[in-house]
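Please look through the model shown here, and keep it in view while you read the report that follows.

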Amino acid sequence: MELQQMTYAGLLLGTIAVPLALSFDKKVQFWRNWKYLFPAIIVSAVVFLVWDVKFTEAGIWQFNPEYLLGYSYKGLPIEEWLFFIVIPYACVFIYEVLKAYFEKYEAANVFAAISLGLIVLFALISFYNRTLLYTFFNFLFTAIYLGYTIFRNRFKQHLTKFYAAYLIGLIPFLIVNGILTGLPVVEYNPEHILNLRVFSIPVEDFGYFFLLLLMNTTIYETLKTQRYF
């Protein structure tokens, strides 16, 4: 096995290393919430993996075997399956750190208003790009789930930390996804995207990341509130 075949796996390992090591921080004690976190990760992973499998089968994106370990299931490399565990773990960890260290900083009404604006924006992008499958479904799903979250009105108290976690998460996102799309490890069919990129990253991926974090965080907070475990 050549060293470059460990590229995707190495990026995932680098992403999870620090959050996992700091999960036992005395103030955050993230490990105590694993019983809520991992069910949330599993539920959201099922949704995203079905989406991933279908889009891979449709040729909307594909994976470059030169940067993969060579193990796959349902047409997806093992690294892609791990992606939906590692990335949510790291992002929800950032979210919990913000809750622990910046508890008093809240602007729920502001971010609720921003959310309403984003729902409209995502819906319009989806509507006017119905022929671009990744663009259409990505922003449609994001608009629907964000709308459900806002109008259900049980997540408002967490919006400030969610948006802060998303913005902070964009830093490792730009690094990791920049490498994945720059080499590329993941290649996108230009017929199904806007072909607007930030560096090498399709703009749709920013919505995809937003939805991934939102789904994991809302399910996680619901489980914590309901105390199912």
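## T160 and its surroundings

Leaving aside residues up to four places away in sequence, T160 touches Y105, E106, A107, A108 and F111. This contact is part of a predicted model, in which T160 belongs to helix 6, the helix made of residues 159–182. The relative accessible area of T160 is 10%, and because buried means under 20%, T160 counts as buried.

## Helix 3

Helix 3 runs over residues 78–101, and its length can be checked by a simple piece of reasoning: at 1.5 Å a residue, its 24 residues should span 34 Å, and the end C-alpha atoms are in fact 35 Å apart, which agrees. The helix nevertheless bends by about 25° at F84, and a proline, P88, follows within four residues of that place.

Helix 3 is also mostly covered, since 17 of its 24 residues are buried.

## Helix 5

The same kind of check can be made for helix 5, residues 133–152, whose 20 residues should span 28 Å at 1.5 Å a residue; the end C-alpha atoms are 28 Å apart, so expectation and model agree. Just after this helix comes N153, a residue with a positive phi near 65°.

Which residues of helix 5 are buried? They are Y134, T135, F136, N138, F139, T142, A143, Y145, L146, G147, T149 and I150. The partners against which the buried residues of helix 5 pack are helix 2, strand 1 (61–63), helix 4 (108–127), helix 6, strand 4 and helix 7 (204–226).

## Aromatic rings

The model contains 39 aromatic pairs. One of them is formed by F30 and Y89, whose ring centres are 5.3 Å apart and whose planes stand at 75°, an edge-to-face arrangement. This pair links distant parts of the chain, for F30 lies in the loop between helix 1 (7–21) and helix 2 (34–57), while Y89 lies in helix 3, 59 residues apart from F30. F30 has a relative accessibility of 0% and therefore counts as buried, and Y89 is buried as well, with a relative accessible area of 3%.

F162 and Y163 give another pair, and the angle explains how it is classed: the ring centres are 5.2 Å apart and the planes lie at 75°, so the pair is edge-to-face, given that planes over 60 degrees apart count as such. Both F162 and Y163 are buried. There is also one aromatic cluster that brings together F48, W51, F55, W61, F83, F84, Y134, F136, F137, F141, Y188 and Y208.

## Charges over rings

Where does K27 lie with respect to Y101? K27 lies over the face of the Y101 ring, at 5.5 Å from the ring centre. R130 is placed over the face of F127, with 4.4 Å to the ring centre.

## Backbone exceptions

Most residues other than glycine have a negative phi, and most peptide bonds are trans. Against that background, L183 and P184 are joined by a cis peptide bond, with an omega of about -5°, and P184 is located in the loop between helix 6 and strand 4 (186–188).

N195, which is not a glycine, has a positive phi of about 60°; it is found in the loop between strand 4 and strand 5 (197–198), and its relative accessibility of 41% makes it partly exposed. F199 is likewise not a glycine and has a positive phi of about 60°. The place of F199 is the loop between strand 5 and strand 6 (201–202), and at 74% relative accessibility F199 counts as exposed.

## What the record says

An unreviewed UniProt entry carries the annotation "domain: Lycopene cyclase" for residues 6–98 and 133–223. In the model, residues 6–98 are 65% helix and 8% strand, with end C-alpha atoms 32 Å apart, and residues 133–223 are 70% helix and 8% strand, with end C-alpha atoms that also lie 32 Å apart.

The unreviewed UniProt entry further gives the annotation "transmembrane region" to several spans, including residues 36–61 and 163–186. Residues 36–61 are 85% helix and 4% strand, and their end C-alpha atoms lie 32 Å apart; for residues 163–186 the values are 83% helix, 4% strand and 27 Å between the end C-alpha atoms.

Technical notes: Residues are numbered from 1 along each chain as its sequence is written. This is a predicted model: local features need pLDDT of at least 70, side-chain atom pairs count only at pLDDT 80 or more; totals for chains, interfaces and linings use all residues. Side-chain values use heavy atoms; hydrogens and water are left out. Helices (H or I, at least four residues) and strands (E, at least two) are DSSP runs, numbered from the N terminus. The expected span of a helix is 1.5 Å times one less than its number of residues. The bend at a residue is the angle between axes fitted to the seven residues ending there and the seven starting there. Buried means under 20% relative accessible area, exposed over 50%, partly exposed in between (1.4 Å probe, protein chains only). Rings of Phe, Tyr and Trp (its six-membered ring) pair if their centres lie within 6.5 Å; planes under 30 degrees apart count as stacked, over 60 as edge-to-face and the rest as tilted. A charge sits over a ring if NZ of Lys or CZ of Arg is within 6 Å of the ring centre and within 35 degrees of the ring normal. UniProt positions are given in the numbering used here, feature names are shortened, and annotations may be inferred rather than shown by experiment. Contact means heavy atoms within 4.5 Å.
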